[in-house]
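Colleague: I am new to this one. Could you walk me through it and tell me what lies behind the terms?

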Amino acid sequence: MSRLSIVVLTLNEAHNIEACLRSAQGVADQILVVDSGSQDATVSLAQGLGAEVVAYPDWQGFGEQRSRALQHVRADWVFFLDADERLTPALADEIRQVVADNAEAVWEVEWEQMAYGQSLGRMRGTGGVARLFPMRVLEGFSGAVHEGAVLRTAVPTRHLRQRLPHFSRETIYGSLVKLAQYVQLGALKRHQAGKRGGVLRGLASGMANFTRLYVFQRGFLCGRAGFLYSFFVGLECFFRYVALEVDRDQLKKPVRR
């Protein structure tokens, strides 16, 4: 029977890691936490819940950290779970069935965004993220942020039916911290691709993405939380193009998480 590993990347996730790992218990044959140098209780909490923990504190970007994790996977399949995500029983059952069937494919899952104390489930989905891979085809990952899988051979992409709750924005302060981090990561990625920045490009990107989320993907149906979620995404899109121009000289290495 095929075996499954669940991998969680962490940095100072003491407020999230227990709920995340408890949702994964009983689902996988191996739960692996790859820590980036946490200064809080993340590591001890993860070990206390039976997770295997390895540390790579020399942060080189999300793609490199996921690639490093693969060296420690002892299973036929791997599912990447973020610390601010939770497996539901229905999603866990679906993942186990995919692993049991052992068909050669990459599986995407769609988020159920949880923001500011409520579900944004009335919004239209933003598309799937690839999370479940057969190890025999997975070479590694590339990219500092929104990293992509590098496959040894082309395989079909399929979609899990159940959604993955994603507690990405719980407070305004946390959203502002995440905004700063992802602005710099996004600017770095575009800098490495040779793209141009600027205020006007940022305004166009920010307004387009806010409109897409709030109007066309029906964020307005989710009240205050829907507006705040859409607004913060728009701000991220705006500032990463401004940072690409204003902070160009500082975009030389991966930004610390």
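Modeller: Gladly; we can take the strands and then the aromatic rings.

Modeller: This is a predicted model, where local features need pLDDT of at least 70 and side-chain atom pairs count only at pLDDT 80 or more, while totals for chains, interfaces and linings use all residues. Residues are numbered from 1 along each chain as its sequence is written, and side-chain values use heavy atoms, with hydrogens and water left out.

Colleague: How do you know that strands β2 and β3 pair?

Modeller: Two strands pair if DSSP finds at least two bridges between them. Here four bridges join β2 (residues 30-35) to β3 (residues 52-55), and the two run parallel. Val-34 stands opposite Val-54 in β3. Helices (H or I, at least four residues) and strands (E, at least two) are DSSP runs, numbered from the N terminus.

Colleague: What makes Phe-80 and Phe-133 an edge-to-face pair?

Modeller: Rings of Phe, Tyr and Trp (its six-membered ring) pair if their centres lie within 6.5 Å; planes under 30 degrees apart count as stacked, over 60 as edge-to-face and the rest as tilted. These two rings are 6.4 Å centre to centre with 75° between the planes, so they are edge-to-face. Phe-80 lies in strand β4 and Phe-133 in strand β7, 53 residues apart.

Colleague: Why is the pair of Phe-133 and Phe-141 called edge-to-face?

Modeller: Their ring centres are 5.6 Å apart and their planes are at 85°, so that name applies. Both residues are also buried (under 20% relative accessible area, with exposed over 50% and partly exposed in between, using a 1.4 Å probe and protein chains only).
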